[in-house]
Amino acid sequence: MTQPAPETAPAPGASDAPPLGEAVGDTPGLIEQLHGLYADGRELIDAEISFQKARMAVAGRQVRAMAVLVFVGLVLIGCALVALVVGTMIALIPYLGAWGAMGATVLGTLVLAAIAFWLAVRRIGRVGALFASEDVSSEEPKASA
């Protein structure tokens, strides 16, 4: 049993192209095509802006999460260092007494802090020297010109 063809389906053997008279009348003019091109371009730009906004929102959430995790990590490192200092002091009590262990721990911590600051100052000096030598070399051609 065969089903009848729907009324909207083309008859068998008929071409899919509209007759020539209808095709010419249906094509938009140059102005309409330019308006359509502008509308399509504007729609593309709006879609791209929306996509970039969504991507930046996702990146912002990731950066916020990373910042929270870095903060938690730094707090835990601080706690670990406090535990190290307290543990060192407790371990030294049998050898130096309570006051001696506290003094040795504080003195050792201050020495390590001084070394860290000294190394940081040296690096700051190196960076300053890099920019100072760049400024000197960039001023020389101006003076000779």
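How much space lies in the largest pocket? I looked this up before anything else and read about 200 Å³, a volume being the space filled by probe spheres set on grid points joined across faces, edges and corners. A pocket here is an open set of points on a 1 Å grid over the protein atoms alone, where a 1.4 Å probe fits, with protein on both sides within 12 Å along at least five of seven lines, and lining residues have an atom within 4 Å of a point.

I noted that this is a predicted model, in which local features need pLDDT of at least 70 and side-chain atom pairs count only at pLDDT 80 or more, while totals for chains, interfaces and linings use all residues. Residues are numbered from 1 along each chain as its sequence is written, and side-chain values use heavy atoms, with hydrogens and water left out.

Next I checked the lining, which includes Leu 81, Leu 84, Thr 88, Gly 108 and Leu 112. I found it to divide into 7 nonpolar, 4 polar and no charged residues, with Ala, Val, Leu, Ile, Met, Phe, Trp, Tyr, Cys and Pro counted as nonpolar, Asp, Glu, Lys and Arg as charged, and the others, Gly among them, as polar.

For the chain, I recorded 2 helices and 0 strands, these being DSSP runs (H or I, at least four residues, for helices; E, at least two, for strands) numbered from the N terminus. Of its 145 residues, 1% count as buried (under 20% relative accessible area; exposed is over 50%, partly exposed in between, with a 1.4 Å probe and protein chains only).

Last, I turned to the 1 salt bridge of the structure, defined as a side-chain nitrogen of Lys or Arg within 4 Å of a carboxyl oxygen of Asp or Glu. Arg 42 pairs with Asp 46, their closest N and O atoms lying 3.9 Å apart. The two are 4 residues apart in helix H2, and so are separated by about one helical turn. Arg 42 is partly exposed at 44% relative accessibility, and Asp 46 is likewise partly exposed at 36%.
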